[in-house]
Amino acid sequence: MKFGKWYVPMVIGIIAGMVAGNIVIQPDGPAPTMSSSQIASAQNKAFVPPGQHDEYYMFSSGGHSGQMFVIGVPSLRRIRTIPVFSPDSATGYGYDERTKELMGGFSWGDAHHPSLSETNGDYDGRFVFINDNANNRAAMINLKTFHTEQIIGPIPNIMGPHSAVFVTPNTEYFMMGTRFSVPMDGSYKDLEQYKESYNGALQAISVDQETGHMTPAWQLKLPPWNFDLSDAGKGPSDGWAFLTTYNTEEATHLLEVNASKNETDYVLAINWKAAEQAVKDGKFEEVNGQKVVDPEKVPGIVYAVPAAKSPHGVDVSPDGKYFVANGKLSPIVTAYDFEKFKQAIESKDFSDEVRGIPVVNYDSVKAAEVEVGLGPLHTQFGTDGYAYTTNFVESTVAKWKIGEWKVLDKVTVHYSPGHGSAAEGDTVSPDGKYFVALNKLAKDRHLPVGPSHPENMQLVDIEGDKMEIINEAPIDPEPHYAQIIKADKINPVKIYEKDENNPDAIWSEKDARIERNGNKVTVYGIAVRSRFYPDEIKVNEGDEVTIHLTNIDLDQDITHGFGINLYDVNFEVQPGQTNTIKFKADKPGVFPFYCTNFCSALHQEMQGYMLVKPKE
């Protein structure tokens, strides 16, 4: 298998991209990029009038903000930021007791790739999962409340679960592969021992179908390579997972140079059902309490498929018959025929073996190479076999078709798209209506705000033969990836259901009280338009104070906050919710507290005092 001298035009393209990336925009702004008729067409297609709702939700990672962005499509209006891995003072996330425990002592996370729960390969609107690349964690957001309900980790034996995330077609598992290789047992080993003592891993996390709660299930020990992205098989390829690799050179320094020496890297094809069976059969070793399967000792689980060097995305077609690798140092994407891949395994049509893993003959499993452009990163799918690939270096989205294997259209985006997201594009039944390019650079697209430009989302109409950009919006850094789901699949609750059995909740002002046990003070209070009960809290300096606050306004959109001046305390309670915060009264004096969420015409009057009596 030869990819030829594709790297020559690629290097030229990279240099051109770098030059373009540093062009200075004139002070009077860029020249118009759309005609008046194009502008009118875009306005008609993307405009969502006041009072009307978007057709889709888009769940986008917030990158190193650690949060999840909820965006309406086609308006591209940000509807909500869901706090996940980082504190949020507006909502008190990370300050109240429940979310402080969720965060587990970390103050930030690197949220990369959201994955919506699925039933039979279609989004079902129940949950959305996301990985923390920085701290080896996974989070689950319940789409009934749009609140982060669970965070697990740091998970032992893995490091940097970037090659994530995907759920299996019936959300049996939420899978995370690792970007970084480390000694799996957490021990210290010099980098000189990298090839012998370091490993990558795939973490399988089982999901409770009723609650969405996650439990680490098993791990797969992988070679000491970097795993970039992943996807789950579906239909005929259900039971398989696909991960892209880079640094199969197993370099430890200057990866920009040393991890690009081999002509090819790989897509790892993983039979996760076989791995699951190996665990049931006891074919694992326990490492730090985790069940670890070694494919060198249990053959038939992992196979390597050659791909153009440094592939980024790997994406399974809606019918599950093909998986597509996007080699970012190549102008092509390769589509692999899953049926041919199975036949190659059965006939042992292997070209090599690496670290005990059979390497499948490239030419035997290749369906086609599609010349999409410079720097292909990620492919999404529409209806009727259409595919859409982002080209980072040349700043385009290429449209091509399975079976025809040629580019049918291209549209220029601004600038340097990483991921893209098509409406329902990761499912067995994509909508084929919209594609959102998640561009890494904005340059001149928005009002200047200093050296740090926003990043840029652009909405592409993909219904016709020709793609058309119809909307764009700035976004905080960094939306790595997103998934788009039909709005009518999600049915959030309007208020929390009244829980009469919650021992921390009270539902009437007559039950409001302050209890003391030694130096521990517990406040049972309510928030209701427009007052707190109690509105006077007396404690002594040094007391440990616990406040349970229930919002008894059982009316949608009436959220109350509770902030105490100079005490670094603020949290919110939504309608019907009880929330708890704990702190030490270590500053004597008089400290007002007040509602921090505007709730009524008399919102300003919703206040009280905490009086901290000094020690004698």
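Modeller: Cys595 has a relative accessibility of 2%, so this residue counts as buried, and I should say at once that we are reading a predicted model.

Colleague: How many disulfides does the count come to?

Modeller: The general idea is that a disulfide is a pair of cysteine sulfur atoms within 2.5 Å. In this structure, that rule gives zero disulfides. Cys595 takes part in none, and the nearest cysteine sulfur, which belongs to Cys599, lies 4.0 Å away.

Colleague: Why is the sulfur of Cys599 not in a bond with that of Cys595?

Modeller: The closest cysteine sulfur to that of Cys599 is the one in Cys595, and because the two are 4.0 Å apart, they are too far from each other for a bond. Cys599 has a relative accessible area of 8%, and therefore this residue is buried.

Colleague: Turning to strand E13, which of its residues point one way and which the other?

Modeller: As a general idea, the side chains of a regular strand alternate between the two faces of the sheet. In E13, which spans residues 240-246, Trp240, Phe242, Thr244 and Tyr246 point one way, while Ala241, Leu243 and Thr245 point the other way. Seven of the seven residues in this strand are buried.

Colleague: Which strands are joined to E13 by bridges, and how do they run?

Modeller: Strand E12, residues 226-232, is joined to E13 by five bridges, and the two run antiparallel; within this pair, Ala232 stands opposite Ala241. Five bridges also join E13 to strand E14, residues 264-271, again in an antiparallel arrangement, and here Trp240 stands opposite Asn271.

Technical notes:
Residues are numbered from 1 along each chain as its sequence is written. This is a predicted model: local features need pLDDT of at least 70, side-chain atom pairs count only at pLDDT 80 or more; totals for chains, interfaces and linings use all residues. Side-chain values use heavy atoms; hydrogens and water are left out. Buried means under 20% relative accessible area, exposed over 50%, partly exposed in between (1.4 Å probe, protein chains only). Helices (H or I, at least four residues) and strands (E, at least two) are DSSP runs, numbered from the N terminus. Two strands pair if DSSP finds at least two bridges between them.
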